[in-house]
Amino acid sequence: MTNNHNENDFDWEKASKKGFGDSYSASERQELAALYGSTLKEVKARELVKGTIVGIKEREVLVNIGYKSDGIIPLSEFKDLEEIKVGDEVEVYVENTEDSNGRVVLSRKKAKVISAWNKIQSALDNDTVIEGLVKRKTKGGLIIDIFGIEAFLPGSQVDVKPIRSKGNDDNVFDEYVGKKLDVKVIKINYANDNVVVSHRVLIEKDIEQQRQAILNNLERGQVLEGTIKNMTNFGVFIDLGGVDGLLHITDISWGRINDPRDVLDYDQKVNVVVLDFDEEKKRISLGMKQLTPHPWSSLPEEITVGTKVRGRVVNVADYGAFLEVIPGVEGLIHVSEMSWSQHLRNPQEFLKVGDVLDAVVLTLDREERKMSLGIKQLTQDPWTRADLTTKYAVGTKHRGLVRNMTTFGLFLELEEGIDGLVHVSDLSWTRKIKHPSEFIKVGEYLDVVVLELDVENKRLALGHKQLEENPWDTFETIFLPNSIHKCTIVGKNEKGAILELPYGIEGFATTKNIIKEDGKEAEVGETLDFIVVEFSKEDKKIVVSHTKTFAKPEERTDTTASKKEPKKRKTEEENTNKTEEENTNNTEVETENTTSESTNQI
């Protein structure tokens, strides 16, 4: 039987008098509410929850988190997943439990970020190893993706050994980009959303185990294989598999090496021998050349003292140069053996590194492995030449270079290996020179005449003033006693004044003899008339007085005594007034006694 009801037959007025559910009692209502509430979760804003995909639309995904309404999440937040379908479980973040439409607001994007930071913090707290993907290079290191968060991997934390570029600095770390790398989190900065990771700490842990194994079995003389880790100008650091050893530059080769990079390369595998080991400081000294025989053992027996050898200059020092005769065998050429010249010069004036030249063996000690060489011995000693006595005979004139000076004279180089001494007294007839520098400078040329030649002792005495005649023979006829001349005071001391006389020669006047007519003492720079009181050709001394130029003729000292008897006159003066002569340092002897006897003595 079929009941055909028409909606018009329904009595809406009777139904509207009571609401839906009015037929339930209060207790039934409470029971139903509890039953419904038990099917819902307690959800709070700003927390992560698990949800199930219940619908997928063109641009949206419906996710049920067990709340009274489903959440809608943009489909774009699932693009990292290859495929999604209804029923998949996902983790989401509750932004708000109810929006204006009464729906819960969810975000999978924020859920991923928060979940990633939680995992990163957990990795730091528990010191766990996580895997990351190197995305790109950056200044000072690499950017690595861990759980969707970009972390910084410093270059110093990539490996235990320095990462070197291949070709140029722009290529550093290229080999790591796009690769997966195990790392540990070593620092988190939430303020800047910054994470720092390290790959090096994982390597160091493995290396430490290897290091202990190597140190426990290390012995002097042990030969090991290592990899060149770093190079400096003093040596090479070699990785022996967890522990580093130093290969000093002098232990690389028996021959001389200026820079380890000239013979070795980075990351090169080499065999080395343990030379020394400091257990306390964990320092290992290594050697390479010790694995080969010493080259002195292969030095030919025919090389003896006097043998001429050829080699290459490998080093130049202040005292000489080192000549490599065969690889690993060097001889010293002292600077004094480079030239017959007696003036030692900088070896770099003669030689430079890389020069190939001949030398003569001067000394050879195979046991001590020492050899001295000479270059000048390849040429004849100039003092042994047959024409020496003729070329430098007494009286011959020459021109030489001033090489050195002393207080007593200067050394003149006439040719390489031939030097002579010019005494300070042989520089000038007229000037009293205390030091050669007052007359000439080092590096200047000077004309001289040979005064003495001693071939046996290799000595040569030279003179400059002897190139001219002795002017004192002429001065004797000019500066006659009682003659008056214009003189200039050029200096003063406690005993008197030094004067410049005509022809540039010097004269002397005691202090009391430079008193002017007005009673004042003449000063330096004044030019006045002076009368000759004494002339001595042998002593090259002229004593004058200005005071006597205005004295009465009878008060002037009688200077008509024979000027050809200076030594006799000097003795008489010493007996007459010894005290005054000592005060004037044998320069002038004069007395103001008015007795005729004293006047006649002066």
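Let's start with a pair of residues facing each other: Arg 312 stands opposite Glu 324 in strand β17. The model you are looking at is predicted, and this pair is a handy way into one of its sheets. Strand β17 covers residues 320–326 and pairs with β16 in the antiparallel sense, over four bridges. Between β16 and β17 the chain makes a hairpin of three residues.

β16 has another partner as well. Spanning residues 308–316, β16 pairs with strand β19 (residues 356–365), again in the antiparallel sense, this time over five bridges. One place to look is Gly 311, whose bridge partner in β19 is Leu 357. As a reminder for reading such strands, side chains in a regular strand alternate between the two faces of the sheet.

While you are in β19, have a look at Val 360, which lies in this strand. Is Val 360 buried or exposed? Its relative accessibility is 13%, so Val 360 counts as buried. The C-alpha atoms of Val 360 and Val 309 are separated by 6.2 Å, although their positions lie 51 residues apart along the chain when counted as sequence separation. Setting aside neighbours within four places in sequence, Val 360 is in contact with Gly 306 and Thr 307, and also with Ser 372, Leu 373, Gly 374, Gln 377 and Leu 378.Phe 322 offers one more stop in this part of the tour: Arg 256 lies over the face of its ring, at 4.9 Å from the ring centre.

Now let's step back to the whole protein. It has nine helices and 30 strands. Of its 602 residues, 39% count as buried. About 35800 Å² is exposed, and carbon and sulfur atoms supply 47% of that area. Among contacts with a separation of 6 or more, 59% come from residues 24 or more positions apart.

Where do the nonpolar side chains gather? The largest nonpolar core has 22 residues, and Ile 144, Ile 146, Val 185, Val 195 and Val 197 touch the most other members. Helix α3 (108–126) supplies at least two residues of this core, as does each of the strands β6 (130–138), β7 (141–146), β8 (149–154), β9 (180–189) and β10 (194–198). Val 185 makes a good viewpoint: beyond residues up to four places away in sequence, it touches Ile 120, Ala 123, Leu 124 and Ile 130, along with Val 195, Val 196 and Val 197.

Aromatic rings add another layer, with a count of eight aromatic pairs. In one of them, Trp 117 and Tyr 190 are tilted, at 5.3 Å centre to centre and 45° between the planes. Because Trp 117 lies in helix α3 and Tyr 190 in the loop between β9 and β10, this pair ties together parts that are 73 residues apart in sequence. Trp 117 is buried, with a relative accessible area of 12%, whereas Tyr 190 counts as partly exposed at 44%.

A second pair, Phe 479 and Tyr 503, is edge-to-face, with 6.5 Å centre to centre and 90° between the planes. Phe 479 sits in the loop between α6 (472–478) and β26 (484–492), and Tyr 503 in the loop between β27 (496–500) and β28 (506–510), so the pair links distant parts of the chain, 24 residues apart. Phe 479 is buried, at 0% relative accessible area, while Tyr 503 is exposed, at 56%. Both rings belong to a cluster that ring pairs form with Trp 472, Phe 475 and Phe 535.

Definitions and conventions
Residues are numbered from 1 along each chain as its sequence is written. This is a predicted model: local features need pLDDT of at least 70, side-chain atom pairs count only at pLDDT 80 or more; totals for chains, interfaces and linings use all residues. Side-chain values use heavy atoms; hydrogens and water are left out. A nonpolar core is a set of buried Ala, Val, Leu, Ile, Met, Phe, Trp, Tyr and Cys residues joined through side-chain atoms within 4.5 Å. Buried means under 20% relative accessible area, exposed over 50%, partly exposed in between (1.4 Å probe, protein chains only). Contact means heavy atoms within 4.5 Å. Accessible areas come from the Shrake-Rupley method with a 1.4 Å probe; for residues, only the protein chains shown count as cover. Two strands pair if DSSP finds at least two bridges between them. Rings of Phe, Tyr and Trp (its six-membered ring) pair if their centres lie within 6.5 Å; planes under 30 degrees apart count as stacked, over 60 as edge-to-face and the rest as tilted. A charge sits over a ring if NZ of Lys or CZ of Arg is within 6 Å of the ring centre and within 35 degrees of the ring normal.
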